[in-house]
Structure formats: C-alpha cells, structure tokens
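The following exercises concern pockets, a cavity and helix packing in a single protein model. Each task is followed by a solution in steps.

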Amino acid sequence: MQLHDVWFILIAVLWIGYFFLEGFDFGIGILTKPLARGRAERRVLINTIGPVWDGNEVWLLTAGGATFAAFPDWYATLFSGFYIPLLIILVCLIVRGVAFEYRAKRPEERWQRNWEEAIFWTSLIPAFLWGVAFANIVRGVDIDQQKNYVGGFWDLLNPYAILGGLVTLSLFTFHGAVFAALKTVGDIRERARVMALRAGLVTAVLALAFLVWTQADNGNGWSLVAMVIAVLALVAALVANQLGREGWAFIASGATVVAAVAMLFLALFPDVMPSTLNTEWSLTVSNASSSPYTLKLMTIVAAVFTPLVLLYQGWTYWVFRKRIGVQHIPGHDPAAALDKA
C-alpha cells in the first residue's frame, strides 16, 4: 500500500468521524422545532451539545486541510466545482456558531427565538447539502481533461444526489433523536424515543434505496459488506431504541453512519472524483496526490498529533456525560405551563 492510498483512508476516517459527531449535532439542531416544547426544552436540547459542537467541527477543518495537502487536485476541483453548495454550508456553519453563542446574550423571547430559528435552518440545510455533495462525488461529475469541473450548479441536483441529501438529513435527525434520548431525562426523553422511531423508519426506506442504487452503479465486494453492516446497524438501533436501551441505540445509530459513509468511500476508491465525460479524465488517488515527500511528512505529523486530539475530545465527552432536563435550567418553574413553540 502506497502513501496516497493511506491518505485516502485517513481522509475517509476524518469524514466518517465528522459525520458521526456532527450528525447527531445537526440532528439536535433540527429537533429544536419538532421535539422541544417551549423555551426550556429547546435550551435543554441545545445544552446537550453545548460543550461539544465546536469540537465536532474540528473534524471538518482537518478533513479539508488534509485533502488540500494530500490531494491538491482533488481539493481544487471539488471546491471550485461545488463552490455554491459548499459556500452555503460554510455560511450556515458560521451563522450556526454565532447562534449558539449569542442566543443567551439577551433574555428577550424574540431575541432567543430568532437565534433558535437560525439554529434549526443552519442545521437542516448542511445536513441535506452534505449528502448531495458526497452523492455527486461518488456518482461522478463533468470533469474535463484539465481536471476542471465544467458542469453547472443545477447538474448537482440530480435524482441520485437529492436522494443522498434526503438520506443524510433523515439519518442525522434519527442519530440526533437517539442522542437526545440518551442525554435527557423526563418527558422530553420519552418523546425523543418516539421521534427516533419515526425518523428511523423514514431513514430505513430512504437509505436502503440509496445504498442499493450506489452498490448497483459503483459498488464492489467491500462496499457490499459495508452496506450490509449499515442496514443491520440501523435495524439494531431501532430495536434498542424501542427497548429503551439508549446507549446501545446510540452506538448502533453511530455504526450506521460509519458504515454508510465508509461504503461511499469504498465504492469511490481508487477514484477521488470520477469524470462522467471520460473515465480517463477521472481524478484518482495517484494522479491527484501530492509528492511522496509531502505525504511522508504529513504521515509523521498525523501519527504524533491525532492520538492527542482523540484523547482530548474523548475526555470532553466523558466530563459532560450526565443527562440533563428542564429541572436543570436556571429559573425554570416545573409547575408552570410550557410556552408553546
């Protein structure tokens, strides 16, 4: 195995980690509307990810930086060809971060409600667009002989990509609902389990169609194994959720995300961006990579710092592992009627 193959695997791991962590993160943001009843419960949901949401986004920054350094041609073609959807995602992530920080700066209901609205939409839109982007990467796009994307924005909104976006949207919502049930107490916990069941059933239908389509068009033996694992993990998550085993349900929903994203990368390899105009013009791990010396230096740095980052992030989740409920919200009167969302 050559270094460019190793870095393809490492970048895949970074994206898998990002979607695993940011998946329930986006899911919580989406659930602030359909799940939470009143300001206190919306604050409970937001507080479940309050200590970790910014750390989750580090995986995205690292994945983007690693792609730029290890596969500069892949980075250039991807970010120029997918400029509009990636710009929309970037704006959403910026506004989302500001919303988390500014929501509690003033006590007025209108102020907080506006920022909560921003959290909802800036969680939903990236959850959909990431699926659209990765579906197009696997399917292939119009790349010419000079490694330039020559298609348009609307070419990215094809049926396969839209289905991919719906899959990530529903899967992240399901993953977030399972996380909400794991991290909360009281009535919101029970409603999160019901929401997880509904979102999980929708995810099962959409994901099965998308994964079978992917396997039929681009799959191989390894991607088939990943697809089977994803399906079984999703079923296990639904069963565990119904049994009230939130910890196992979260592990299984996370395994679903991991296996599904891994399947996409397994179906993609050795390409990194296939060309639909001519297969010889496709970007591959060999023709899009940096020099061996660059990859060697990157490997040394990654071997030193990656374990440290993992240990720190794991410690953060351990420190903030306890469940929370509306009774933990300062100033909340449990006897008072909940204001309607």
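## Exercise 1: The largest pocket

Task: Characterise the largest pocket of this predicted model by its lining residues, its volume and the helices that contribute to it.

Solution. Begin with the lining. It comprises 24 residues, and those nearest the centre of the pocket are Leu-60, Phe-79, Leu-86, Leu-90 and Trp-130. The volume of the largest pocket is about 560 Å³.

Next, assign the lining to secondary structure. Four helices each provide at least two lining residues: H3 (53-70), H4 (72-81), H5 (83-102) and H6 (109-139). H3 gives the largest share, with 8 residues.

Finally, classify the residues. The lining of the largest pocket consists of 19 nonpolar, 3 polar and 2 charged residues.

## Exercise 2: The second largest pocket

Task: Describe the second largest pocket in the same manner, stating which residues lie nearest its centre and which helix supplies the largest share of its lining.

Solution. The second largest pocket holds about 410 Å³ of space. Of its 17 lining residues, Leu-14, Thr-62, Ala-302, Phe-305 and Thr-306 lie nearest the centre.

H1 (3-31), H3 and H11 (292-319) each contribute at least two residues to this lining. The largest share, 7 residues, belongs to H11. H3 thus has a part in the lining of the largest pocket and in that of the second largest pocket.

By class, 14 residues of the second lining are nonpolar and 3 are polar, while none is charged.

## Exercise 3: The cavity

Task: State how many cavities of 30 Å³ or more the structure holds, and identify the residues that line the largest cavity.

Solution. There is 1 cavity at or above that cut-off of 30 Å³. The space in the largest cavity is about 40 Å³. Its lining is formed by Phe-82, Pro-85, Leu-129, Val-132, Ala-133, Asn-136, Phe-153, Leu-156 and Leu-157.

H6 supplies the largest share of this lining, namely 4 residues. In terms of class, the lining of the largest cavity has 8 nonpolar residues, 1 polar residue and no charged residue.

## Exercise 4: Two helix contacts

Task: Determine how H1 is oriented relative to H7 and how H2 is oriented relative to H6, and describe the residues in each contact.

Solution. Two packed helices are described by the angle between their axes and the distance between the axes.

Step 1. The axes of H1 and H7 (residues 159-183) come within 7 Å and cross at roughly 80°. Angles of 65 to 115 degrees count as roughly perpendicular, so H1 and H7 are roughly perpendicular to each other.

Step 2. On the H1 side, the contact involves Phe-19, Phe-20, Gly-23, Phe-24, Phe-26, Gly-27, Ile-28, Ile-30 and Leu-31; on the H7 side, it involves Leu-169, Phe-172, Thr-173, His-175, Gly-176, Ala-177, Phe-179 and Ala-180. These residues divide into 12 nonpolar and 5 polar, with no charged residue.

Step 3. For H2 (residues 39-49) and H6, the packing angle is about 45° and the axes lie 12 Å apart. H2 is therefore oblique to H6. The crossing of H2 and H6 is left-handed.

Step 4. From H2, Arg-39, Arg-42 and Ile-46 take part; from H6, the partners are Glu-109, Gln-112, Arg-113, Glu-116 and Ile-119. The contact of H2 with H6 contains 5 charged, 2 nonpolar and 1 polar residues, whereas that of H1 with H7 contains no charged residue.

Terms used:
Residues are numbered from 1 along each chain as its sequence is written. This is a predicted model: local features need pLDDT of at least 70, side-chain atom pairs count only at pLDDT 80 or more; totals for chains, interfaces and linings use all residues. Side-chain values use heavy atoms; hydrogens and water are left out. On a 1 Å grid over the protein atoms alone, a cavity is a set of points where a 1.4 Å probe fits but cannot get out, and a pocket is an open set with protein on both sides within 12 Å along at least five of seven lines; lining residues have an atom within 4 Å of a point. Grid points are joined across faces, edges and corners, and a volume is the space filled by probe spheres set on the points. Ala, Val, Leu, Ile, Met, Phe, Trp, Tyr, Cys and Pro count as nonpolar, Asp, Glu, Lys and Arg as charged, and the others, Gly among them, as polar. Axes are lines fitted to C-alpha atoms, for helices over the stretch in contact, and angles run from 0 to 180 degrees between N-to-C directions. Angles under 35 degrees count as roughly parallel, over 145 as roughly antiparallel, 65 to 115 as roughly perpendicular and the rest as oblique. Contact means heavy atoms within 4.5 Å. A crossing is left-handed if the near helix is turned anticlockwise from the far one by less than a right angle, and right-handed if clockwise.
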